[in-house]
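Trainee: I am new to this structure and would like to go through it with you step by step. Could we begin with the surroundings of the ligand?

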Amino acid sequence: MELKNKNVFVTGSTRGIGLAVAHKFASLGANVVLNGRSEISDELLAQFADYGVTVIGISGDISNGEDAKRMVAEATEKLGSIDVLVNNAGITNDKLMLKMTEEDFERVLKINLTGAFNMTQAVLKPMSKARQGAIINMSSVVGLMGNVGQANYAASKAGLIGFTKSVAREVAARGVRVNAIAPGFIESDMTDAIPEKMKDAMIAQVPMKRIGQAEEVAEVAAFLASQEYLTGQTIAIDGGMTMQ
Ligand SMILES: NC(=O)c1ccc[n+]([C@@H]2O[C@H](COP(=O)([O-])OP(=O)(O)OC[C@H]3O[C@@H](n4cnc5c(N)ncnc54)[C@H](OP(=O)(O)O)[C@@H]3O)[C@@H](O)[C@H]2O)c1
């Protein structure tokens, strides 16, 4: 799919990987919807001024089905269509299993997995009707490998991979492609919160011995959106962590 003049909705794009993805698509000539639960500031929108594309901010909570429908309707009204959806928004709430409450578990599932369901359901009908579209779900290597203290997060990210394959099978014949990205350890606010000692231990597990950059993940998102014969796949971008 040629990305120039296409409309791309990136959930959780006020910072981190989502923001880098938004910049990447805008640099390729696509119009972009920025999203987060917080207000989309004028300073953030101003970062996109030089791309010569339309960039709008729509704040809202993807874990709320009605909010997801409202955001998709607003984006469609302003841009005409949504051609690419990047389900990027996600949270962590790490605790060892013995200390994790049902609420800790469900809160992460509700945003990371149900949020992607809500947004996908809101865009899928018009995409199927248009016989064109790409959906990209931001999973994680943790969904492939598991991780201590992240039973909730790992379940949500592994769930996204099954979700990706199922929806990809349902809509493949209609020209809509659904893929996932499994980033490894990427520099962002999410990973900045990890204590230095633990970060060093994580980098030691990466064959390439460095943390990844959000821009590197964004390259994969643009590739998955544009490649016409690629669906139902999960691409790990992780410095070699999950190589088999
Ligand atoms: N960083 C890594 O190493 C890494 C590795 C693998 C996978 N990932 C995944 O990549 C994605 C982005 O991670 P990141 O590190 O860039 O995270 P981040 O810096 O914490 O950014 C998260 C973004 O999601 C938004 N968000 C959170 N909950 C939301 C909700 N309910 N509705 C709408 N927006 C919401 C946040 O904005 P508000 O706070 O305003 O809502 C923010 O824009 C996540 O799905 C994460 O699990 C990250």
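Trainee: Which helix supplies the largest share of the shell around the ligand?

Mentor: Please keep in mind that this is a predicted model. Helix 1 (16–27), helix 6 (151–171) and helix 7 (189–192) each supply at least two residues of the shell around the ligand. The largest share, three residues, comes from helix 7.

Trainee: How many residues of the shell around the ligand are charged?

Mentor: In total, 31 residues surround the ligand, and the closest are Thr 14, Ser 38, Asn 88, Tyr 153 and Ser 188. When the residues of this shell are divided by character, eleven are nonpolar and 15 are polar, while the charged ones number five.

Trainee: Which residue has a polar side-chain atom that lies 2.5 Å from an oxygen atom of the ligand?

Mentor: A backbone N or O atom of Ile 62 lies 3.2 Å from a nitrogen atom of the ligand, so to speak of a side chain we must look elsewhere. Arg 15 does place a polar side-chain atom by an oxygen atom of the ligand, but at 3.3 Å. The residue whose polar side-chain atom lies 2.5 Å from a ligand oxygen is Ser 188.

Trainee: How much of the accessible area of the ligand does the protein cover?

Mentor: The ligand sits in the largest pocket. On its own the ligand has 890 Å² of accessible area, and the share of this that the protein covers is 95%.

Trainee: What is the radius of gyration of the protein?

Mentor: The protein has nine helices and seven strands. For 244 residues the globule rule gives 18 Å, and the protein comes close to this, so it is as compact as a globular protein of that length, with a radius of gyration of 17 Å.

Terms used:
Residues numbered from 1 in each chain as written. Predicted model: local features only at pLDDT ≥ 70, side-chain atom pairs only at ≥ 80, totals over all residues. Heavy atoms only, no water. Near = heavy atom within 4 Å. Polar contact = N/O pair within 3.5 Å; in protein donor to acceptor, adjacent residues only side chain to side chain. Areas by Shrake-Rupley, 256 points an atom, 1.4 Å probe, with all protein chains shown as cover. 1 Å grid on protein atoms, 1.4 Å probe; cavity = no way out; pocket = protein on both sides within 12 Å on 5 of 7 lines; lining within 4 Å. Sits in = over half its atoms within 2 Å of the grid points. Helix = DSSP H or I, 4+ residues; strand = E, 2+ residues; numbered from the N terminus. Nonpolar A, V, L, I, M, F, W, Y, C, P; charged D, E, K, R; others polar. Rg over C-alpha atoms; globule rule 2.2 N^0.38 Å.
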